[in-house]
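Here are a few exercises to work through with the structure open on your screen. Try each task before you read the solution below it.

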Amino acid sequence: SETLTVNGLAEKLHKDVSEIIKKLMFLGIMATKNQDLDDDAVELICSDYNVTVEKEIILEDTDFDKYRKEDDEQDLIERPAVVTIMGHVDHGKTTLLDSIRHTKVTAGEAGGITQHIGAYQAENDGKKVTFLDTPGHEAFTSMRSRGAQITDIAILVVAADDGVMPQTVEAINHAKAAEVPIIVAVNKMDKETANPDRVMQELTEYQLIPEDWGGSTIFVPISAIKGEGIDELLEMILLVAEMEELKANPNKAAFGTVIDAQLDRGRGAVASLLVQDGTLSVGDSIVVGNTFGRVRAMVNDLGQRIDKAEPSTPVEITGLNAVPQAGDQFLVFTDERKARQIGETRQQQHIVESRGSQAKISLDDLFEQI
Ligand code: GDP
Ligand code: MG
């Protein structure tokens, strides 16, 4: 925490430094004016002036960035792209997600029952793509407002019989703000009233210009309901993914984001996580948002129990002390005590923050008011 010298304390209390030194001496602390005071000494002096001190919780110590190591280029390997499907209501987002799931998800031995864990992985030519199940702009707004960036590529679904609508524009703006490349899926091509040229024309206004017209945006005509154009769309996603050079280091403690979480009567806190870096393993000590725990069990999008999850893999875990929030980030700590310590601090911070206006003021605030 921020240390305070005798002089500093005197200034904050608007007292003479010699007066503070005298008080310290009285307490058995021999100090010069430039000496750092420990928290106990500060508290003792303050209580003498009838000033209560609330210890400030240090944000730095719980900041994940502090515990994540830089990677050497040689440790990075290719990882699957994480894709979000966006677009105007009724333009076919859900139908497209279902269609990809049915045609491109290799069913598990258990009978092919896929789990809805907020995301799933599809496969094309042996290469994986991770699709977020959450409607696009939610994924962008709620996650981004919490600092999480999980999408690598945005699929903009535009119904060929309807064209660019308000939420289409909203989606474009979200993707652009996040600097995420956009692939346009011109949907409902099976309809007689489909007019893909109009869609392309309208989108030029937003700098989404097809290659044929001198631009660089990929347009894929599809019919989500008939499953047409899905292969081509997947191919284009893989192409863009390759250009983006998406990489991660699987040989380190996992880091990622909560996609979804809820309380299950039997299993306790259940969280769907997207592993973005490192490898998540059963037994890992993990801090997730304002909670923590140990990964007790892990299930993939096919409902299969797994004990390891590599970068870009969505998983569902149990073992957390409380239910985190979508958009919360998580980090694994090799030292269990460290995880607990950081988890508990974050929990406390959260309680203090959510007390809102009733929150006890911090040391600094307090002194400001004197
Ligand atoms: P969302 O609101 O973007 O998720 O749109 P939905 O996937 O719920 O689709 C809205 C409506 O459009 C539903 O009635 C779908 O059956 C229909 N729909 C979606 N894709 C297609 C398509 O490719 N062709 C046709 N004809 N209808 C479609
Ligand atoms: Mg939908």
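**Exercise 1: two helices and what follows them**

Just past helix α1, His-14 has a positive phi of about 55°. Keep in mind that this is a predicted model.

Task: Find which residues of α1 (residues 6–13) are buried, then do the same for α3 (residues 39–48).

Solution. Start with α1: Val-6, Gly-8, Leu-9, Ala-10 and Leu-13 are buried there. Buried here means under 20% relative accessible area. Now go on to α3, where the buried residues are Ala-41, Val-42, Ile-45 and Cys-46. These cover an arc of only 130° around the axis, so they sit on the same side of α3. Finally, look at what comes after α3: Asn-50 has a positive phi, near 60°.

**Exercise 2: a strand under cover**

Task: Work out how many residues of β4 are buried, and which strands pair with β4 in the parallel sense.

Solution. Step one is to count. Seven of the seven residues of β4 are buried, so the strand is largely enclosed by the rest of the structure.

Step two is to split β4 by face. In a regular strand, side chains alternate between the two faces of the sheet. On one side of β4 you get Ala-81, Val-83, Ile-85 and Gly-87, and on the other Val-82, Thr-84 and Met-86, with both sets buried.

Step three is to check the partners. β4 runs parallel to β6, joined by four bridges, and Val-83 stands opposite Phe-131 of β6. With β7, β4 also pairs in the parallel sense, this time over five bridges, and there Ile-85 faces Ile-155.

**Exercise 3: the nonpolar cores**

Task: Say how many residues the largest nonpolar core has, and which element supplies the largest share.

Solution. First, the size: this core has 29 residues, and those with the most contacts inside it are Leu-96, Ile-100, Phe-131, Ile-153, Ile-155, Ile-183 and Ile-237. Next, the contributors: β4, α4 (93–104), β5 (119–124), β6 (127–132), β7 (153–159), β8 (182–187), β9 (218–221) and α8 (230–244) each give at least two residues. The largest share, seven residues, comes from α8. A second, separate core of 20 residues includes Met-86, Val-164, Val-186 and Leu-208.

Now zoom in on Leu-96. Leaving out residues up to four places away in sequence, Leu-96 touches Ile-85, Ile-155, Val-157, Ile-222, Ala-224, Ile-230 and Leu-233.

**Exercise 4: closing the barrel**

Task: Trace the order of the six strands in the closed barrel, and find what stands opposite Gly-256.

Solution. Go round strand by strand: the order is β11-β12-β17-β15-β14-β18, and the pairing is antiparallel. On average, neighbouring strands of this sheet are turned by 45° against each other, direction ignored. Then pick one pair: nine bridges join β11 (residues 255–264) to β12 (residues 268–277). Within that pair, Gly-256 stands opposite Val-275 in β12.

**Exercise 5: the whole protein**

Task: Find what share of the 370 residues is buried, and how many helices and strands there are.

Solution. Buried residues make up 46% of the 370, and the protein has 10 helices and 18 strands. For the surface, about 19,300 Å² is exposed, with carbon and sulfur atoms supplying 45% of that. As for contacts between residues at least 6 apart in sequence, 73% join residues at least 24 apart.

Methods:
Residues numbered from 1 in each chain as written. Chains lettered and ligands numbered in written order. Predicted model: local features only at pLDDT ≥ 70, side-chain atom pairs only at ≥ 80, totals over all residues. Heavy atoms only, no water. Pairing = 2+ DSSP bridges. Axes fitted to C-alpha atoms, helices over the stretch in contact; angles between N-to-C directions. Buried < 20%, exposed > 50% of the residue type's maximum accessible area, 1.4 Å probe, protein only. Arc of directions from axis to C-beta. Core = buried A, V, L, I, M, F, W, Y, C linked by side-chain atoms within 4.5 Å. Contact = heavy atoms within 4.5 Å. Areas by Shrake-Rupley, 256 points an atom, 1.4 Å probe, with all protein chains shown as cover.
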